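Work through the exercises below with the structure open beside you. Try each task before you read its solution.

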Amino acid sequence: MKYGIIGYPVEHSLSPVMHEAGFRELGIDAQYHRIPLHPTELAEGLAFLLELGYSGINVTYPLKEAVLPFLDKVNPQASEIGAVNTIKVVDGGLQGYNTDGDGFVQALKEQGYDFTGRKVVILGAGGSAKSIAASLAHLPIKEILILNRTEEKARILVELVHSLGGQASGEAFISGDWLKKVDLLIQTTSVGMRGESYPLSLQGINPSAWVIDLIYHPPLTKFLAEAESLGCRTMNGLDMLIWQGALAWKIWLDREAPVAQMRRALLDNYIKRG
Ligand code: ATR
């Protein structure tokens, strides 16, 4: 069996490391490839992958939204957010799913986090924020506050959450009273990937809040380090990566993924990359 990830660029994707470790662990005869595909070559590229007999495809930047018109079927969760990260080939047709938001939720549940009645703050309103907000909208959390540099984009996300039956509001990207009340703080922007300081101070944050940064390279951003120094429990984005992949296994293979081995393989790779 053949699986792969399409995107542009994809050279740095860690998905092959994780999935191939999973296949090895369970003795599944399958390979997983990085497949660079420019947005302008999407139609031909997908047709070619079908011809080559691929069984499943992950989709990453910048194709998650662009891929939709080329699919034969899109499940409700992926169409809610208008983005697909997992494709399953069924009888020569392409079926689209999105496991990003649920992958985030699973990563926290694995750590014993209970979402019931929580006050959640999401920093950023891009693609990752959207998939997480949509998954959270289906949970019995109290409210979601979305803070974004461009307020208009936060408002669009707020409307999405409302349309899914959740409680949300949106504001500009600034510190405020929310810091004292937040239970779960989720950093979804790219700020911190290059070691830069975060534009918001966390001084005054509720010390029992859980703070998540979706960045996993570097493993400890300045944002997470500040949260840690203020007594908060922290987590980077590696577990979300693992769980979105594990949920793809469910779709592709109808099997539980060997999460522990997949995590081990990613951590080993991390150490190698330094
Ligand atoms: P992804 O798909 O990874 O979520 P994206 O869709 O490009 O990425 O979204 C990037 C997010 O990071 C946006 O919310 C962006 O804010 P704007 O909507 O105002 O552009 C946010 N972002 C990027 N650089 C930022 C910075 N220097 N300060 C604050 N927010 C930033």
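The exercises that follow use a predicted model.

**Exercise 1. The ligand site**

Find the residues around the ligand, then sort them by character.

Solution.
- Step 1: Start with the run G124, A125, G126, G127 and S128, which are among the residues around the ligand.
- Step 2: Add N148, R149, T150 and K153.
- Step 3: Finish the shell with F173, T189 and V191.
- Step 4: Sort the shell. Three of its residues are nonpolar, seven are polar and two are charged.
- Step 5: Check the charged pair. R149 and K153 are in the shell, and Arg and Lys count as charged.

**Exercise 2. Ligand contacts and burial**

Which polar atoms of A125, N148 and K153 lie within 3.5 Å of a ligand oxygen, and how much of the ligand is buried?

Solution.
- Step 1: Look at N148. An N or O atom of its side chain is 2.7 Å from an oxygen atom of the ligand.
- Step 2: Turn to A125. Here a polar backbone atom is 2.8 Å from a ligand oxygen.
- Step 3: Go on to K153. A side-chain N or O atom of K153 sits 2.9 Å from an oxygen atom of the ligand.
- Step 4: Consider the surface. The ligand taken alone exposes 650 Å², and the protein buries 66% of that.

**Exercise 3. Two helix pairs**

Classify the packing of helix 1 with helix 9, then that of helix 5 with helix 6.

Solution.
- Step 1: Locate helix 1 at residues 15–26 and helix 9 at residues 238–253. Their axes are 11 Å apart, and the angle is about 50°.
- Step 2: Name the arrangement. Helix 1 is therefore oblique to helix 9.
- Step 3: Add the hand. Helix 1 passes helix 9 in a right-handed crossing.
- Step 4: Locate helix 5 at residues 127–137 and helix 6 at residues 151–163. Their axes come within 9 Å and cross at roughly 25°.
- Step 5: Apply the cut-off. Angles under 35 degrees count as roughly parallel, so helix 5 is roughly parallel to helix 6.
- Step 6: Add the hand. This crossing of helix 5 and helix 6 is right-handed.

**Exercise 4. Backbone details in loops**

Where in the chain do P62, P218 and D91 lie, and what marks their backbone?

Solution.
- Step 1: Take P62, in the loop between strand 3 and strand 4. The peptide bond from Y61 to P62 is cis, with omega near 0°.
- Step 2: Take P218, in the loop between strand 11 and helix 8. A cis peptide bond joins H217 to P218, with omega about 10°.
- Step 3: Take D91, in the loop between strand 5 and strand 6. Its phi is positive, near 45°, although D91 is not glycine.

How values were computed:
Residues are numbered from 1 along each chain as its sequence is written. This is a predicted model: local features need pLDDT of at least 70, side-chain atom pairs count only at pLDDT 80 or more; totals for chains, interfaces and linings use all residues. Side-chain values use heavy atoms; hydrogens and water are left out. A residue is near a molecule or strand if one of its heavy atoms lies within 4 Å of it. A polar contact is a pair of N or O atoms within 3.5 Å; within protein, one must be able to donate a hydrogen and the other to accept it, and residues adjacent in sequence count only if both atoms are side-chain atoms. Accessible areas come from the Shrake-Rupley method with a 1.4 Å probe; for residues, only the protein chains shown count as cover. Axes are lines fitted to C-alpha atoms, for helices over the stretch in contact, and angles run from 0 to 180 degrees between N-to-C directions. Helices (H or I, at least four residues) and strands (E, at least two) are DSSP runs, numbered from the N terminus. Angles under 35 degrees count as roughly parallel, over 145 as roughly antiparallel, 65 to 115 as roughly perpendicular and the rest as oblique. A crossing is left-handed if the near helix is turned anticlockwise from the far one by less than a right angle, and right-handed if clockwise.
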